[in-house]
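Trainee: Could you take me closely through one part of this model, the last helix that you would single out, and then place it among the loops and sites that surround the rest of the discussion?

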Amino acid sequence: MDSSHSKKSSLRPTLTVLVPIYNEEATIVSLLETLKEKVTANQVIIIDNGSSDNTAELVKPFCDGKSWVYLRYAEIQGKGAAIRAGLKLATCDYVVIQDGDLEYEPADINRLFDYACENQARAVFGSRILNQQAGISYQRYYWGGRFLTWLTNRLFHAGITDEATCYKLIDRRLLESFDLECREFEFCPEVVAKLGLAGVKIHELPIAYHPRSIEEGKKIRGKDGIAAIWTLLKWSFRR
Ligand SMILES: Nc1nc2c(ncn2[C@@H]2O[C@H](COP(=O)(O)OP(=O)(O)O)[C@@H](O)[C@H]2O)c(=O)[nH]1
Ligand SMILES: [Mg+2]
């Protein structure tokens, strides 16, 4: 065997995928199957805050308690709280967030991860805006996202195109050092604010997007947009 090759591959960073879920019985099996087949992850942590549908029964067969872990809490706590709970168990060099729906294409995670490894980047985001073929959600969500991105760039000079993207791939130790406080959907604004305050460059690659409707299970709402604005302003004041 080529020793230089084996040395190189043994040095390759590792990846934890955090999957926050709440009542995702319609999509979770398909999502986890795709994740298993298409993504080169070393660790997958699924965090369920009190799903009241059949999600738990559907997730369990995928988990072995080692590289695939299922954390189940009795009460609903929010996406941010779920990500923070998962992060406590994450052990890999990088973490990325994957929702329990089918709005994103898990294979895109490989491209983000490869880019991070090749460029030793500490933060690589998937951007729906950089992909002209990406689907567009409700107008209010689309323009809300564009406004949050604009505000992020004004406040933190982030130079990004998609603040609200789910696909945020970040150096795990860096993310842990942020001591996140988010409980609900303020994970995104808190993270971009803290990356900005830390002077970390955010790299972006185009990704696919297939938005789902509220009837299909989308949980984010207008009030979460207001909370995101407040979170960005709050962290900019603490500069
Ligand atoms: N664990 C947990 N996950 C949640 C909660 N609320 C939403 N999620 C998950 O967060 C992800 C994002 O939700 P979604 O409604 O698709 O919003 P968006 O993709 O950010 O626009 C999905 O996987 C949800 O199941 C919660 O209270 N607890
Ligand atoms: Mg989603």
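Mentor: A residue is called exposed when its relative accessible area is over 50%, buried when it is under 20%, and partly exposed in between. With that in hand, and keeping in mind that this is a predicted model, we can turn to helix α9.

Helix α9 runs over residues 222-237, and its 16 residues should span 22 Å at 1.5 Å a residue, which agrees with the 23 Å that separate its end C-alpha atoms. The buried residues of the helix are Asp 224, Ala 228, Thr 231, Leu 232, Trp 235 and Ser 236. They cover an arc of only 125 degrees around the axis, and they therefore lie on the same side of α9. On the other side of the helix, Gly 222, Lys 223, Ile 226, Trp 230 and Phe 237 are exposed. As for what covers the buried residues, the elements include α6, residues 139-156, and α8, residues 187-197.

Of these covering elements, α8 deserves a word of its own, since nine of its 11 residues are buried and the helix is mostly covered. The buried residues of α8 are Phe 187, Cys 188, Pro 189, Glu 190, Val 191, Val 192, Ala 193, Lys 194 and Leu 195. Following α8 comes Gly 199, which has a positive phi near 70 degrees.

Leading towards α9 from the other direction is the loop between β7, residues 203-206, and α9, and Ser 213 lies in this loop. Ser 213 counts as buried, because its relative accessibility is 18% and the limit is 20%. Leaving aside neighbours within four places in sequence, Ser 213 is in contact with Tyr 138 and Lys 218. Lys 218 is also touched by Ser 137, whose contacts, with neighbours within four places again left aside, are Tyr 209, Pro 211 and Lys 218. Ser 137 belongs to the loop between β5 and α6, and at 14% relative accessibility Ser 137 counts as buried.

Lys 218 then leads to ligand 1, where Glu 24, Asn 49, Gly 100, Lys 218 and Lys 219 come nearest among the 19 residues around the ligand. Three polar approaches to oxygen atoms of ligand 1 can be described: a polar backbone atom of Pro 20 is 2.9 Å away from an oxygen atom, a polar backbone atom of Gly 100 is 2.7 Å from one, and a polar side-chain atom of Arg 212 lies 2.9 Å from one. Glu 24 itself sits in the loop between β1, residues 15-21, and α2, residues 28-38, and with a relative accessible area of 7% Glu 24 is buried. Not counting residues up to four places away in sequence, Glu 24 touches Asp 53, Thr 55, Gly 100, Arg 212 and Lys 219.

The magnesium ion, ligand 2, has as its protein donors Asp 99 (OD), Asp 101 (OD) and Glu 103 (OE), which lie 2.1 to 2.7 Å from the ion. In sequence these donor residues follow the spacing D-x1-D-x1-E, and both Asp 99 and Glu 103 are buried.

In helix α5 we find Ile 109, which is buried with a relative accessible area of 0%. Its contacts, leaving aside neighbours within four places in sequence, are Leu 15, Val 39, Val 96, Gln 98, Tyr 167 and Leu 169. For one of these partners, Gln 98, the C-alpha atom is separated from that of Ile 109 by 8.9 Å, with their positions 11 residues apart along the chain.

Finally, two residues that are not glycines adopt a positive phi. Gln 120 has a phi of about 45 degrees and lies in the loop between α5, residues 107-119, and β5, residues 123-127; Gln 120 is exposed, because its relative accessible area of 71% is over the 50% limit. Asp 179 likewise has a positive phi of about 45 degrees, and Asp 179 is placed in the loop between α7, residues 172-177, and α8, where its 59% relative accessibility makes it count as exposed.

How values were computed
Residues numbered from 1 in each chain as written. Chains lettered and ligands numbered in written order. Predicted model: local features only at pLDDT ≥ 70, side-chain atom pairs only at ≥ 80, totals over all residues. Heavy atoms only, no water. Helix = DSSP H or I, 4+ residues; strand = E, 2+ residues; numbered from the N terminus. Expected span 1.5 Å × (residues − 1). Buried < 20%, exposed > 50% of the residue type's maximum accessible area, 1.4 Å probe, protein only. Arc of directions from axis to C-beta. Contact = heavy atoms within 4.5 Å. Donors = N, O, S within 2.8 Å, 3.2 Å for Na, K, Ca; no water. Near = heavy atom within 4 Å. Polar contact = N/O pair within 3.5 Å; in protein donor to acceptor, adjacent residues only side chain to side chain.
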